[in-house]
Amino acid sequence: MRSAIRGNFFMLGALIYQIIAMGALINIVRRIELFPPSGMLVFVAITQVVVFFPPVVFYAILNRNRFAELFPFEKINAINIFLTLLVVIAAQPVAMALSGFTAIFFQNAVADMVNVFNDISYFATVIVVCVFPAIFEELPTRGIVQSEYRRSPLWIAALVNGLFFGIIHLNLQQFPYAFFLGIVLFYLVYITGSIITAILAHFLFNFMQVTLAAFISNLDFAETAIAEAPDPSELVVYWIAMFVIFLPVLILILWAQTAYNKSLKSFKNVKISNNGTSSQSAPQDVNMSKEPTAAELRKGKIKLLTSFFAIIFVYVWFMLASAVS
């Protein structure tokens, strides 16, 4: 419980910092009028570094003796790389379906941003939109938070990780599919024991989106197709079909990857065990062998729930404040 509380307080501090840092960056951009596409690309790159990296560095310094535990950069073999690619391919239509549903109610800011970036270098767009998020968004979520939840029940840790991943996007349109992808990326780290798997999957997911957008924009009929694009509400049946067809495929691939990693002699249930106890490879907290009293357990649960709901409160407050402004 202590480690999960640490993870919650890290997330709470990181979220508050993220909101403040983003507000400051937006004000700076407005002052210098950084509006051309190239300027927006620079802004997105700076945002990824400034918003996500400092809290990670600060927490890593405070816990430098646990660096390898917080950021498990274990090597992954070629088969896991291939299976991860299949996971991303299967997850893409499911995420698109969830994005399509929410686009009925909220503006798709990501699609707008990618369309802007179509006017500039494809290589630069890949670096900023694919490489940067894959690194700077994975370190706090599949690194620190997942590591700190390693002694929690698997389903709780997965849901919390997905929830926090959806929250850091600070965008209601992105939240459902970010929540879904957060769980998928969490599980990839869980079964492989390496954050590299999540970084790779995150990169591949964004890369496929950017590449598809660039390909479509270069077609002769692209402008006509965009002009005649149907309203998202007209595609509900299409989104449902994609979700129903590809979700079982995704689950099957994850099952196969789990079975493969369990067959390896080097397989370690590194972060979280199904019954909520720590694995053999996970280091123990100080005084972990000492059985906590009922009062200590009660106090720990209060801290855990208070920090969790504080994160939800900050997120809801920001969403409401953004909607009003």
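**Exercise 1. Find the partners of Glu148.** In this predicted model, which side chains make polar contacts with the side chain of Glu148, and at what distances?

*Solution.*
Step 1: Start with Arg66. Its side chain and that of Glu148 are joined by a polar contact of 2.7 Å.
Step 2: Now look at Arg6. Here the two side chains make a polar contact too, at 3.3 Å.
Step 3: Check both against the cut-off: a polar contact needs N or O atoms within 3.5 Å, and 2.7 Å and 3.3 Å fit.

**Exercise 2. Look around Glu148.** Where does Glu148 lie, and is the residue buried or exposed?

*Solution.*
Step 1: Go to helix 7, which covers residues 138–148; that's where you'll find Glu148.
Step 2: Read off its relative accessible area, which is 0%. Buried means under 20%, so Glu148 counts as buried.
Step 3: See what's around Glu148. Skipping neighbours within four places in sequence, its contacts include Ser3, Ala4, Gly7, Tyr59 and Leu70.

**Exercise 3. Compare Asn63 and Val42.** Which of the words buried, partly exposed or exposed suits each residue?

*Solution.*
Step 1: Place them. Val42 sits in helix 2 (residues 37–62), while Asn63 is in the loop between helix 2 and helix 3 (67–70).
Step 2: Take Asn63. Its relative accessible area is 12%, so Asn63 is buried. Its side chain also reaches the backbone oxygen of Tyr59, at 2.9 Å.
Step 3: Take Val42. The value is 43%, and partly exposed runs between 20% and 50%, so Val42 counts as partly exposed.
Step 4: Add a distance. Val42 and Thr125 are 83 residues apart along the chain, yet their C-alpha atoms are separated by 10.0 Å.

**Exercise 4. Follow helix 4.** What span does helix 4 reach, and where is its kink?

*Solution.*
Step 1: Pick out residues 78–103, a helix of 26 residues.
Step 2: Go from the first C-alpha to the last: helix 4 reaches 37 Å, close to the 38 Å expected at 1.5 Å a residue.
Step 3: Look along the helix for a bend. There's a kink of about 30° at Ala91, shortly before the proline Pro93.

**Exercise 5. Zoom out.** How many helices and strands does the protein chain have, and what share of its residues is buried?

*Solution.*
Step 1: Count the elements: 13 helices and zero strands.
Step 2: Turn to burial. Of the 325 residues, 46% count as buried.
Step 3: Check the surface. About 17,000 Å² is accessible, and 71% of that belongs to carbon and sulfur atoms.
Step 4: Finish with contacts. Among those between residues at least 6 apart in sequence, 86% join residues at least 24 apart.

Definitions and conventions
Residues numbered from 1 in each chain as written. Predicted model: local features only at pLDDT ≥ 70, side-chain atom pairs only at ≥ 80, totals over all residues. Heavy atoms only, no water. Helix = DSSP H or I, 4+ residues; strand = E, 2+ residues; numbered from the N terminus. Expected span 1.5 Å × (residues − 1). Bend = angle between axes of the 7 residues up to and from the residue. Buried < 20%, exposed > 50% of the residue type's maximum accessible area, 1.4 Å probe, protein only. Polar contact = N/O pair within 3.5 Å; in protein donor to acceptor, adjacent residues only side chain to side chain. Contact = heavy atoms within 4.5 Å. Areas by Shrake-Rupley, 256 points an atom, 1.4 Å probe, with all protein chains shown as cover.
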